[in-house]
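Please read the following report alongside the sequence and the coordinates. The text moves from single residues to one helix, and then to the chain as a whole.

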Amino acid sequence: MSYCNFLVASLLILLTGFFNPIEDHHSFRQTQVAITIYWMITEDLFSYLVPVTLPPWNVPRELPLYQFIVAVLCKLFNLQIEPCARFVSITFFYLSSFYLYKATKLIFCSLLTARFTVIVFLLSPIYLFWSRACMIESLALFLGLCFMYNAMILVKKSKYNITALTILGILAALVKVTTFYPIILFVFLYCLFNKAELLKKNI
């Protein structure tokens with residue numbers, strides 16, 4: 001079975017019930033995100049209204065970048081919130097798999113290991129479920145993996161703009177800091193490991 005077959009299999013799973021209402025698992029959290037998107041569309045793209053508490057109806061828990069992207073697409077193409085939100089989540093899921101592949105290949109220097117890792121990721125039930133939800137998870141993961149890979153390139157080959165990397169890291173942390181914690185820890189350990197390897201070579 002080729003790599004493309006796994007890709008198609010994951011896409012078929014993700015597209016199942018694509019136009020269903022967001023009333024499955026964690027429906028409260030999904031509808032809360034959808035409400036924010038709705039008010040961005042109807043009121044102001046830069047508003048962050050979440051009318052589930054008392055006035056002023058906002059819950060500034062994270063940077064609403066995902067909500068903003070969905071709202072912009074809905075306004076531009078006159079789309080419904082549920083399918084558009086799922087489309088954005090699925091898109092970032094596959095973009096995440098790209099950076100996961102590149103990062104794994106850089107760590108292990110093995111094409112086979114990188115492909116196997118991505119196949120496991122593409123067919124993981126947990127990632128498949130949350131990557132079609134009306135939630136910020138896929139975008140947070142994408143930004144984190146993008147930061148991780150480019151930080152590894154900076155450490156390994158010293159080929160990256162440190163300013164751009166810093167902005168990317170801040171953006172990833174603002175979108176969802178709990179997703180960013182393990183990634184920044186990994187980058188820190190990766191830096192230590194590579195520094196130790198350089199010291200061994202110089203001795």
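Leaving out residues up to four places away in sequence, Q67 touches V33, T36, I37, M40, Y48, E62 and I136. In this predicted model, Q67 belongs to helix α3, which runs over residues 65-77. Its relative accessible area is 1%, and because buried means under 20%, Q67 counts as buried.

Y127 offers a second case, located in helix α6 (residues 125-130). When its neighbours within four places in sequence are set aside, Y127 is in contact with F93, F121 and L141. The C-alpha atoms of Y127 and E137 lie 9.3 Å apart in space, while the two residues are 10 residues apart in sequence.

A third residue, I184, is part of helix α9, which covers residues 177-202. Together with L185, F188, L189 and L192, I184 makes a nonpolar surface patch of about 470 Å².

The table sets out the accessibility of these three residues.

| Residue | Helix | Relative accessible area | Class |
|---|---|---|---|
| Q67 | α3 (residues 65-77) | 1% | buried |
| Y127 | α6 (residues 125-130) | 37% | partly exposed |
| I184 | α9 (residues 177-202) | 34% | partly exposed |

Helix α5 can be examined both for its length and for the way its residues are turned. The 12 residues of helix α5 (residues 111-122) should span 16 Å at 1.5 Å a residue, and this agrees with the end C-alpha atoms, which are 16 Å apart. Which residues of α5 are buried? They are A114, V118, I119, F121 and L122. Because these residues cover an arc of only 160 degrees around the axis, they are on the same side of α5. On the face turned away from that buried side, α5 carries the exposed residues L112 and F116. F121, one of the buried residues of α5, is also among the contacts of Y127.

For the chain as a whole, the protein has 9 helices and 0 strands, and the pattern read along the sequence is α-α-α-α-α-α-α-α-α. Of its 203 residues, 41% count as buried. Among contacts between residues at least 6 apart in sequence, 67% join residues that are at least 24 apart. The protein chain exposes about 11700 Å², of which carbon and sulfur atoms supply 70%.

How values were computed: Residues are numbered from 1 along each chain as its sequence is written. This is a predicted model: local features need pLDDT of at least 70, side-chain atom pairs count only at pLDDT 80 or more; totals for chains, interfaces and linings use all residues. Side-chain values use heavy atoms; hydrogens and water are left out. Helices (H or I, at least four residues) and strands (E, at least two) are DSSP runs, numbered from the N terminus. Buried means under 20% relative accessible area, exposed over 50%, partly exposed in between (1.4 Å probe, protein chains only). Contact means heavy atoms within 4.5 Å. Patches are made of residues with over 30% relative accessible area and no salt bridge: like charges are joined within 9 Å, nonpolar side chains (Val, Leu, Ile, Met, Phe, Trp, Tyr) within 5 Å. Accessible areas come from the Shrake-Rupley method with a 1.4 Å probe; for residues, only the protein chains shown count as cover. A salt bridge is a side-chain nitrogen of Lys or Arg within 4 Å of a carboxyl oxygen of Asp or Glu. The expected span of a helix is 1.5 Å times one less than its number of residues. The arc is that of the directions from the helix axis to the C-beta atoms.
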